[in-house]
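The following questions and answers concern the structure shown below.

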Amino acid sequence: MKELKDKPYYNLKSNKRAYEILLLHDTQNKKFSEIARQYKISSSFVRTIYLRISLQKLVYYIRHLSIAYGYQDQKVFRRL
């Protein structure tokens, strides 16, 4: 079986705009429409970017928890 390798959280920062959108929404409570105006893109596209990076963040957390608890795969935490 393939061993899980932890992916550093900073990998989320590789897409600067997506990471900034995540931060604006999560830490500053900005609405998608406000973020869209700031970046001059549609609010539906902002929402898509936000959902994509949020899912990626969740996968990183699941992977990290699986490794920390000594599991060989992510199945246990994905079922939660």
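Q: Which residues of helix 3 do F32, S33, I35 and A36 in helix 2 meet?
A: The model is predicted, with local features requiring pLDDT of at least 70 and side-chain atom pairs counted only at pLDDT 80 or more, while totals for chains, interfaces and linings use all residues. Residues are numbered from 1 along each chain as its sequence is written, and side-chain values use heavy atoms, with hydrogens and water left out. Contact means heavy atoms within 4.5 Å, and helices are DSSP runs (H or I, at least four residues) numbered from the N terminus. On the helix 3 side, the residues met are S43, V46, R47 and Y50.

Q: How many nonpolar residues does the contact of helix 2 with helix 3 have?
A: The nonpolar class holds Ala, Val, Leu, Ile, Met, Phe, Trp, Tyr, Cys and Pro; Asp, Glu, Lys and Arg are charged, and the others, Gly among them, are polar. Besides two polar residues and one charged residue, the nonpolar count in this contact is five.

Q: How is helix 2 oriented relative to helix 3?
A: Axes are lines fitted to C-alpha atoms, for helices over the stretch in contact, with angles from 0 to 180 degrees between N-to-C directions. Helix 2 (residues 32–39) and helix 3 (residues 43–68) have axes 8 Å apart, at an angle of about 105 degrees. Angles under 35 degrees count as roughly parallel, over 145 as roughly antiparallel, 65 to 115 as roughly perpendicular and the rest as oblique. Helix 2 is therefore, relative to helix 3, roughly perpendicular.

Q: What is the orientation of helix 1 to helix 2?
A: The axes of helix 1 and helix 2 cross at roughly 140 degrees and come within 10 Å. Helix 1 is therefore, with respect to helix 2, oblique.

Q: Which residues of helix 2 make the contact with helix 1?
A: Helix 1 contributes R17, E20, I21, L24 and H25. Its partners in helix 2 are F32, I35, Q38 and Y39.

Q: Which residues touch the most other members of the largest nonpolar core?
A: A nonpolar core is a set of buried Ala, Val, Leu, Ile, Met, Phe, Trp, Tyr and Cys residues joined through side-chain atoms within 4.5 Å; buried means under 20% relative accessible area, exposed over 50%, partly exposed in between (1.4 Å probe, protein chains only). Among the 14 residues of this core, those touching the most other members are I21, V46 and I53.

Q: Which residues does I21 touch, not counting residues up to four places away in sequence?
A: Helix 1 (16–27), helix 2 and helix 3 each supply at least two residues of the largest nonpolar core. With residues up to four places away left aside, I21 touches I35, Y39, V46, I49 and Y50.
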